[in-house]
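Me: Hi! Could you walk me through the packing in this one?

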Amino acid sequence: MYKVNGIEAYEAHNRTELLAGLEAKSEYIFIKGDYYKEVREIMDTHLPEHESLGVSLGSAGLLSILIHAIDTIRISFSDADKTDKKIEKKLNLFNVKDITDEGLLLSLKQLDY
């Protein structure tokens with residue numbers, strides 16, 4: 001466990017540890033070391049919650065279903081190995097809470113509601 005800004009977070013240094021934290025359904029995950037740069041690139045491809053909210057409200061939720069379907073198809077046909085696909089799919093449930101020099105803090109989207 002890692003404590004940052006008064007929050008206890010699961011600490012991950014590589015993809016195996018990150019997958020373990022994601023499967024353990026940790027509320028907060030702190031990614032340290034060089035691996036956090038890779039995860040940050042993945043998280044940068046996700047639409048922020050405040051931007052996707054407008055799309056969802058404007059389309060009565062129909063576009064959200066389409067976006068989810070496109071993401072699922074994109075991940076399925078990706079050249080990444082099975083572990084990376086699992087990680088990317090589970091990272092859709094998280095938001096970037098904080099970016100520090102040490103790493104990246106992720107929090108479950110559910111905690112923001």
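Reply: Happy to; here are some notes on a helix pair and the nonpolar cores. The model is predicted, so local features need pLDDT of at least 70 and side-chain atom pairs pLDDT 80 or more, while totals for chains, interfaces and linings use all residues. Residues are numbered from 1 along each chain as its sequence is written, and side-chain values use heavy atoms, without hydrogens and water.

Me: Cool. At what angle do H2 and H5 pack?

Reply: About 60 degrees, with the axes of H2 (residues 35-45) and H5 (residues 82-91) 10 Å apart. The two are therefore oblique to each other (not under 35, over 145 or 65 to 115 degrees). Axes are lines fitted to C-alpha atoms over the stretch in contact, with angles from 0 to 180 degrees between N-to-C directions. Helices are DSSP runs of H or I, at least four residues, and strands runs of E, at least two, numbered from the N terminus.

Me: Which residues meet there?

Reply: Tyr35, Val39, Ile42 and Met43 in H2 meet Ile87, Glu88 and Leu91 in H5, with contact meaning heavy atoms within 4.5 Å.

Me: Switching topic: how many residues has the largest nonpolar core?

Reply: It has 16, and Leu18, Ile31, Val39 and Leu106 have the most contacts inside it. A core joins buried (under 20% relative accessible area, 1.4 Å probe, protein chains only) Ala, Val, Leu, Ile, Met, Phe, Trp, Tyr and Cys residues through side-chain atoms within 4.5 Å.

Me: Which element gives the most to this core?

Reply: H2, with four residues.

How values were computed:
Buried < 20%, exposed > 50% of the residue type's maximum accessible area, 1.4 Å probe, protein only.
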